[in-house]
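Let's take a walk through this structure together, with the coordinates open beside the text. Keep your viewer at hand and follow along as we go.

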Amino acid sequence: MNSIPSKSYGILQQFTPTSIIDEAAEQVANIGYAILDAGYTASEIQGLSEAFDQTHQRYIQTYGESDLRKFNELHTIRSPLTQAKPFLDLALNKNLLSLVKKLIPGKFILNQQNGIINPPQEGYNQDAWHRDLPYQHFVSTKPLAVNVVYCIDDFTNENGATFVLPASHKSEAFPSEKYISNNAIQVEAKAGSLIVLDCMLFHAGGYNKTKSARRAVNHVFNIPYFKQQINIPKNMESGDLSDEARDILGYNYLEPASVSEYLSQRAEK
Ligand SMILES: O=C(O)CCC(=O)C(=O)O
């Protein structure tokens with residue numbers, strides 16, 4: 001490529017990022033995705049990798065391999081943050097939250113966290129094009145939901161790194177096959193990175209041609225009007241959580257069971 005022109009004219013407004021978080025937010029707003037370093041040390045990255053495998057083993061023992069296979073759930077760990085502390089810490093990672101705060105104005109909650117495994121040389125449940133707000137065909141000026149994929153392993157073209165359709169969060173309809181083959185790109189990233197997507201961006205996991213699994217932990221954060229995939233407050237002790245963590249995990253948005261409960265909640269405000 002030739003050098004990118006640095007001069008411009010006729011411009012009255014320009015976005016001026018002052019941090020890497022702002023730069024990532026600018027990119028998500030414009031093309032729907034960005035990569036951000038989670039800020040972990042090598043040993044923290046390794047710790048999360050080990051916790052992933054241990055949690056997956058326990059998960060299979062608890063829910064049964066044959067049932068998980070039957071439900072097409074063998075390669076997923078639902079709600080790992082309610083099962084192991086490192087995943088709670090990951091959901092509240094400082095860089096991750098700083099970017100989500102920039103992207104979703106006002107309050108947001110964690111809708112779901114899932115361990116995802118792209119197994120070697122076979123399909124899995126994320127390898128089809130989708131939005132993370134599935135069955136939705138609207139465009140919004142600000143994201144209502146954001147997906148943050150933490151890379152446990154390096155994401156490479158060979159091991160099926162996520163495909164995205166840049167800027168597709170700005171169009172209502174799923175594009176044609178020809179458009180997809182001309183415009184889809186694969187997002188390579190190092191272990192320890194966060195791939196952040198506007199939830200309306202079309203994306204899909206790629207085919208893993210290698211002999212090792214490609215592991216990741218995805219998160220969907222959204223405005224508090226959408227219900228959680230699995231009720232997080234009902235599945236974890238809230239003892240040590242900060243006020244901000246309780247808010248993000250949904251403790252302050254549980255639906256009142258009755259008018260009396262609604263009124264008592266109002267009285268506490
Ligand atoms: O495994 C991947 O690369 C894709 C993950 C995905 O599609 C998702 O988290 O919604």
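What follows goes from an internal cavity to the ligand, and then to a few single residues and a helix.

Please keep in mind that this is a predicted model. A good place to begin is the empty space inside. Rolling a probe the size of a water molecule over the atoms shows where empty space is left. Here the structure holds one cavity of 30 Å³ or more, and the volume of the largest cavity is about 160 Å³. Its lining is made up of 17 residues, and those nearest the centre are Ile116, Gln126, Val149, Thr162 and His203. Several strands take part: strand 3 (109-118), strand 4 (145-151), strand 7 (193-198), strand 8 (203-204) and strand 9 (214-222) each give at least two residues to the lining of the largest cavity. In chemical character, that lining divides into seven nonpolar, eight polar and two charged residues.

Now turn to the ligand. Around the ligand you will find Ile116, Tyr124, Gln126, His130, Asp132, Asn147, Thr162, His203, Gly205, Arg214 and Asn218. Which side chains place a polar atom by a ligand oxygen? Threonine 162 has a side-chain N or O atom 2.6 Å from an oxygen atom of the ligand. For histidine 203, the distance from a polar side-chain atom to a ligand oxygen is 3.0 Å, and for asparagine 147 it is 3.3 Å.

Asparagine 218, one of the residues around the ligand, belongs to strand 9. Is asparagine 218 buried or exposed? With a relative accessible area of 8%, which is under the 20% cut-off, asparagine 218 is buried because of that low value. Leaving aside residues up to four places away in sequence, asparagine 218 touches Gln112, Gln113, Asn114, Ile116, Asn147, Val148 and Val149.

Gln113 and Asn114 turn up again in the next stop, as both are touched by serine 79, along with Ile230 and Ile232, again not counting residues up to four places away in sequence. Serine 79 sits in the loop between strand 2 (76-78) and helix 4 (85-91). Its relative accessibility is 6%, so serine 79 counts as buried.

Our last stop is helix 5, residues 94-103, whose buried residues are Asn95, Leu96, Leu97, Leu99, Val100 and Leu103. To read that pattern, recall that an α-helix has 3.6 residues a turn, so residues three or four places apart point the same way. At the start of helix 5, asparagine 93 brings a side-chain oxygen to within 3.0 Å of the backbone nitrogen of asparagine 95.

Technical notes. Residues are numbered from 1 along each chain as its sequence is written. This is a predicted model: local features need pLDDT of at least 70, side-chain atom pairs count only at pLDDT 80 or more; totals for chains, interfaces and linings use all residues. Side-chain values use heavy atoms; hydrogens and water are left out. Helices (H or I, at least four residues) and strands (E, at least two) are DSSP runs, numbered from the N terminus. Buried means under 20% relative accessible area, exposed over 50%, partly exposed in between (1.4 Å probe, protein chains only). Contact means heavy atoms within 4.5 Å. On a 1 Å grid over the protein atoms alone, a cavity is a set of points where a 1.4 Å probe fits but cannot get out, and a pocket is an open set with protein on both sides within 12 Å along at least five of seven lines; lining residues have an atom within 4 Å of a point. Grid points are joined across faces, edges and corners, and a volume is the space filled by probe spheres set on the points. Ala, Val, Leu, Ile, Met, Phe, Trp, Tyr, Cys and Pro count as nonpolar, Asp, Glu, Lys and Arg as charged, and the others, Gly among them, as polar. A residue is near a molecule or strand if one of its heavy atoms lies within 4 Å of it. A polar contact is a pair of N or O atoms within 3.5 Å; within protein, one must be able to donate a hydrogen and the other to accept it, and residues adjacent in sequence count only if both atoms are side-chain atoms.
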